[in-house]
Amino acid sequence: QVQLVESGGGLVQAGGSLPLSCAASGSILSMIHMGWYRQAPGKQRELVARVTIGGSTTYADSVKGRFTISRDNAKNTVSLQMNSLKPEDTAVYYCNARKFSFAGTASDYWGQGTQVTVSS
């Protein structure tokens with residue numbers, strides 16, 4: 001079991017920046033994917049960004065060029081640097097860790113979420 005704890009959320013003006021960090025209670029070397037999801041009120045949770053154990057990244061189209069995800073396997077952390085924030089980025093942001101069994105079954109671990117609010 002891996003426990004994830006997010007930090008760094010808060011209130012920021014549009015155009016500003018905010019870093020998010022997620023610390024895992026154990027090693028993340030078994031976690032093929034580490035990522036950030038977000039959920040706005042009345043909307044489904046959506047992928048924001050993901051980084052694989054090999055360093056490959058995936059971003060939602062809405063955040064490409066503005067957000068940067070990184071992982072530090074030695075420190076068991078994953079971070080999300082958010083720049084040029086927009087009001088539509090307002091949501092609860094969740095850290096996610098995903099590992100796969102030999103059969104390919106995925107197991108997801110989630111943090112408790114951190115609120116990001118962008119004022120216009």
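**One disulfide and eleven strands: how the terms apply**

Q: How many disulfides does a search of the whole structure find?
A: The search finds one disulfide. The structure is a predicted model, in which local features need pLDDT of at least 70, side-chain atom pairs count only at pLDDT 80 or more, and totals for chains, interfaces and linings use all residues. Residues are numbered from 1 along each chain as its sequence is written, and side-chain values use heavy atoms, with hydrogens and water left out.

Q: Why is the pair Cys 22 and Cys 95 called a disulfide?
A: The term requires a pair of cysteine sulfur atoms within 2.5 Å. The sulfur atoms of Cys 22 and Cys 95 are 2.1 Å apart, so the pair satisfies the definition. In general, a disulfide is a covalent bond between the sulfur atoms of two cysteines. The angle about the S-S bond is -85°, and the link of Cys 22 and Cys 95 is left-handed.

Q: What makes this disulfide a tie between separate parts of the chain?
A: Cys 22 belongs to strand β3 (residues 18–24) and Cys 95 to strand β9 (residues 91–100), so the pair ties together parts that are 73 residues apart in sequence. Both Cys 22 and Cys 95 are buried.

Q: What is the secondary structure of the protein chain?
A: The chain has zero helices and 11 strands. These elements are DSSP runs numbered from the N terminus: helices are H or I with at least four residues, and strands are E with at least two.

Q: How do you know that the chain is as compact as a globular protein of its length?
A: The globule rule is 2.2 Å times the number of residues to the power 0.38, and the radius of gyration is taken over C-alpha atoms. For 120 residues the rule gives 14 Å, and the radius of gyration of the protein chain is 14 Å, so the chain is as compact as a globular protein of that length.

Q: Why does Asn 76 count as buried?
A: Buried means under 20% relative accessible area, exposed means over 50%, and partly exposed lies in between (1.4 Å probe, protein chains only). Asn 76 has 18% relative accessibility and therefore counts as buried. Asn 76 is found in the loop between β7 (67–72) and β8 (77–82), and has a positive phi of about 55° although it is not a glycine.

Q: Which class of exposure fits Ser 84, and which fits Lys 43?
A: Ser 84 has a relative accessible area of 40% and is partly exposed. Lys 43 has a relative accessible area of 58% and is exposed. Ser 84 is in the loop between β8 and β9, whereas Lys 43 is in the loop between β4 and β5. The C-alpha atoms of Lys 43 and Ser 84 are separated by 22 Å.

Q: How do you know that β7 and β8 pair?
A: Two strands pair if DSSP finds at least two bridges between them. β7 and β8 have six bridges in the antiparallel sense, so they meet the definition. Arg 71 stands opposite Val 78 in β8. The two strands form a hairpin with four residues between them.

Q: What makes the two faces of β7 distinct?
A: The side chains alternate along β7. Phe 67, Ile 69 and Arg 71 point to one face and are buried, while Thr 68, Ser 70 and Asp 72 point to the other and are not.

Q: Which residues does His 33 touch, leaving aside residues up to four places away in sequence?
A: Contact means heavy atoms within 4.5 Å. The residues that His 33 touches include Arg 50, Arg 71, Asn 96 and Phe 100. His 33 lies in strand β4 and is buried, with a relative accessible area of 15%.

Q: What makes a set of residues a nonpolar core, and how many residues has the largest one?
A: A nonpolar core is a set of buried Ala, Val, Leu, Ile, Met, Phe, Trp, Tyr and Cys residues joined through side-chain atoms within 4.5 Å. The largest has 31 residues, and those with the most contacts inside it are Leu 4, Met 34, Trp 36, Leu 80, Met 82 and Tyr 93. Elements that give two or more residues to this core include β3, β7, β8 and β9.
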